[in-house]
Amino acid sequence: LPLTQDASEDAERYHVRRMLAGIAEGPEEIVTNDTLPMSVNLDLMGSVSFTKGCYMGQELTARTRYRGAVRRRLFPVVLCPPGTEMPQGPFAEELASSNPVFADTEVTAEGTGWQSAVKVIAHRGNAALCQLRCTEALNEGDAVLAATLPTVKAEGYEAFVSIPPYVRPTEQ
């Protein structure tokens, strides 16, 4: 999208697009000493090496992956008025940024294999990054793609959860 004359509007559009793409950013969303790289999908984006030598947190990161214990993943969620269909296509910022609703809305997940608690990591308007917890491991892209996504509930809204566009099948 072309830049506008209003830098704050451009920044808002950037953040909405980033959230709809499922990308966390900065220490407010990726909390130092509290967030595993896999829980914000850094491994699925190719930002974590499981073959490289030593780096801070490597042992915990590798142990979590190889023991099959990645159960929290980041997903984009959009809340819309009832009866609204989520627009198709890579970005839906017109609808996603229309009304700020996440600040006062309790969000829960329902579905076989998913825990009900939803952690809203960040939000802008109707778009948010939400951390969902699965009872089965979601170690690789294949597992995330094969998972039946939960129904996300928010009082008074239709909620749409999607798999981030960077999630790909695991290469053999």
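**View 1. How much of the protein chain is buried.** Of the 172 residues in the protein chain, 38% are buried (under 20% relative accessible area, with over 50% called exposed and partly exposed in between, using a 1.4 Å probe and protein chains only). The protein chain exposes about 9900 Å², with carbon and sulfur atoms supplying 51% of that area (Shrake-Rupley method, 1.4 Å probe). This is a predicted model, in which local features need pLDDT of at least 70 and side-chain atom pairs count only at pLDDT 80 or more, while totals for chains, interfaces and linings use all residues. Residues are numbered from 1 along each chain as its sequence is written, and side-chain values use heavy atoms, leaving out hydrogens and water.

**View 2. A close look at Asp43.** You will find Asp43 in the loop between α2 (26–29) and α3 (58–66); helices here are DSSP runs of H or I with at least four residues, and strands are E runs of at least two, numbered from the N terminus. Asp43 counts as buried because its relative accessibility is 13%. Its side chain makes a polar contact with the side chain of Arg73 at 2.7 Å (N or O atoms within 3.5 Å, one able to donate a hydrogen and the other to accept it; residues adjacent in sequence count only if both atoms are side-chain atoms). Beyond neighbours within four places in sequence, the contacts of Asp43 include Pro37, Val48 and Asn139 (heavy atoms within 4.5 Å).

**View 3. Confidence along the protein chain.** Mean pLDDT, the predictor's confidence in each residue from 0 to 100, is lowest in helix α4 (residues 93–96), at 52, and highest in α2, at 91. Where pLDDT is low, please don't read the predicted coordinates in detail.
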